Protein chains: 2
Amino acid sequence: MTYTIQQISTMFGLSHPTLRYYEEIGLLPPVARNSGKQRVYTEEHINRLRAIECFKDAELSIAKMQDFFRYEENLTENIDPILLLVQEQETELSQRIETLQKALSHIQHKVRYYDGIKKAMEANTAWPRWEDC
Amino acid sequence: MTYTIQQISTMFGLSHPTLRYYEEIGLLPPVARNSGKQRVYTEEHINRLRAIECFKDAELSIAKMQDFFRYEENLTENIDPILLLVQEQETELSQRIETLQKALSHIQHKVRYYDGIKKAMEANTAWPRWEDC
DNA sequence: TCTTGCATTCAAGTATACTTGAAGTGTTAT
DNA sequence: ATAACACTTCAAGTATACTTGAATGCAAGA
């Protein structure tokens with residue numbers, strides 16, 4: 001089964017230029033062409049794009065994705081660097097989540113605070129005061 | 001109490017150029033100068049920088065911080081937009097945390113997988129196979 | 001055949017958030 | 001006084017991840 005750039009674009013929500021850009025920087029494997037020089041994508045590209053989607057969610061930079069895919073091509077040689085790469089990403093990601101959770105509770109505090117003020121303004125009563133967090 | 005750019009820089013881990021940049025774009029209130037034209041920061045700047053720190057953790061863009069601080073100056077007029085701003089950030093942030101948590105479990109899966117391979121290579125036993133997530 | 005439309009290349013531009021460089025001024029220690 | 005260092009301005013550069021524009025090519029339907 002093969003796919004056009006249009007189909008891939010729709011499938012993954014990526015623009016044509018973005019797909020060509022990924023190919024240009026080697027994030028996608030080379031894409032074959034049909035008689036009219038148009039790109040013909042295969043399952044290989046679908047799988048790679050699924051991996052890219054997942055890594056993007058995990059906030060991996062394009063450079064690290066490139067490393068990852070390079071390592072994966074010769075896993076026996078590169079088991080140490082690839083393991084390190086995913087372990088580091090695991091650490092970064094869990095720290096990031098922790099930071100975001102703290103920030104979320106700050107923001108939620110602010111939501112309650114400004115909502116209290118709005119209610120007080122509407123009811124013409126005294127404003128709540130800011131409780132430090 | 002007043003502070004030099006050096007003290008503020010150390011306190012918040014921001015470079016001198018970054019502090020001047022924040023001032024230039026109006027993220028910091030205007031900074032007074034001493035006889036030698038050097039910046040003199042006050043508690044007002046410390047408080048603002050603490051707020052900026054918190055918003056940065058919450059992934060607020062500089063543009064939104066600018067909006068926030070502008071709204072805060074006249075809260076009575078701007079209670080609706082400021083409430084909207086923090087509510088939107090709350091929503092975005094919790095969605096972001098959810099995405100990151102899913103991504104984290106993908107990455108943890110990969111860590112276990114590649115660690116299994118490494119162990120198998122060392123023990124010269126069969127490689128584990130990839131279990132799809 | 002002609003037009004419409006999708007596809008192509010390649011270079012240049014965009015957004016965000018800073019950083020770096022050059023050149024000069026002011027302050028402090030010896 | 002003089003060196004060393006901190007601070008100043010202003011413009012230009014950087015990194016990441018794309019996007020946009022201009023010019024051209026091919027292919028299929030009216």
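Select Arg20(A) and DNA strand C. In this predicted model, a polar side-chain atom of Arg20(A) sits 2.6 Å from a phosphate oxygen of the strand. Keep strand C on screen and move to Ser15(B). One of its polar side-chain atoms is 2.9 Å from a phosphate oxygen of DNA strand C. Next, pick Ile62(B). Here the partner is a polar backbone atom, 3.4 Å from a phosphate oxygen of DNA strand C.

Now widen the selection around strand C. There are 18 residues around this strand, and the nearest are His16(A), Arg20(A), Arg39(A), Thr18(B) and Tyr22(B). Of the strand C atoms that come within 4 Å of the protein, 85% belong to sugar and phosphate.

Colour by secondary structure. Which elements each supply at least two residues of the surface near DNA strand C? They are α1 (5-12) and α2 of chain A, along with α2 of chain B. Highlight α2(B): with 4 residues, α2(B) gives the most to the surface near DNA strand C.

**Over to strand D**

Select DNA strand D and its surroundings. The strand is surrounded by 16 residues, the closest being Ser15(A), Thr18(A), Tyr22(A), Arg20(B) and Arg39(B). Sugar and phosphate make up 82% of the strand D atoms that come within 4 Å of the protein.

Step through three side chains here.

- Thr18(A): an N or O atom of the side chain is 2.3 Å from a phosphate oxygen of DNA strand D.
- Tyr22(A): a side-chain N or O atom is 2.9 Å from a phosphate oxygen of DNA strand D.
- Arg33(B): a side-chain N or O atom is 3.0 Å from a phosphate oxygen of DNA strand D.

Show the elements behind this surface. Two or more residues near DNA strand D come from each of α2 (16-24) of chain A and α1 (5-12) and α2 (16-24) of chain B. Which element gives the most to the surface near DNA strand D? Select α2(A), which gives 4 residues.

**The two protein chains**

Hide the DNA and superpose chain A on chain B. A turn of 180 degrees, with a shift of 0.0 Å along the axis, lays chain A on chain B with an RMSD of 0.0 Å. The two copies are thus related as by a two-fold rotation axis.

Which residue of chain A comes closest to the rotation axis? Select Ile97(A), whose C-alpha is 3.1 Å from the axis.

Then show the interface. In chain B, 100% of the interface residues of chain A are interface residues too, so the copies meet through the same surface.

**A buried arginine**

Go to helix α3 (residues 43-57) of chain B and find Arg48(B). Arg48(B) is buried yet has no salt bridge. Draw a distance to Glu73(B), the nearest side chain of opposite charge: it is 4.7 Å away. A salt bridge requires a side-chain nitrogen within 4 Å of a carboxyl oxygen.

Now display the contacts of Arg48(B). Beyond its neighbours within four places in sequence, Arg48(B) touches Leu27(B), Leu28(B), Pro29(B) and Phe69(B).

**Two positive phi angles**

Back to chain A for the last two stops. Select Lys37(A), in the loop between β1 (32-33) and β2 (39-40). Lys37(A) is not a glycine, yet its phi is positive, at about 70 degrees. Is Lys37(A) buried or exposed? Lys37(A) is exposed, with a relative accessible area of 68%.

Finish at Asn124(A), in the segment after α5 (75-123) of chain A. Asn124(A) is not a glycine either, and its phi is positive, at about 60 degrees. Asn124(A) is exposed, and its relative accessible area is 71%.

How values were computed
Residues are numbered from 1 along each chain as its sequence is written. Chains are lettered from A and ligands numbered from 1 in the order in which they are written. This is a predicted model: local features need pLDDT of at least 70, side-chain atom pairs count only at pLDDT 80 or more; totals for chains, interfaces and linings use all residues. Side-chain values use heavy atoms; hydrogens and water are left out. Copies are superposed by least squares on the C-alpha atoms of residues with pLDDT of at least 70 in both. Contact means heavy atoms within 4.5 Å. Buried means under 20% relative accessible area, exposed over 50%, partly exposed in between (1.4 Å probe, protein chains only). Lys and Arg count as positive and Asp and Glu as negative; His and the chain ends are not counted. A residue is near a molecule or strand if one of its heavy atoms lies within 4 Å of it. A polar contact is a pair of N or O atoms within 3.5 Å; within protein, one must be able to donate a hydrogen and the other to accept it, and residues adjacent in sequence count only if both atoms are side-chain atoms.
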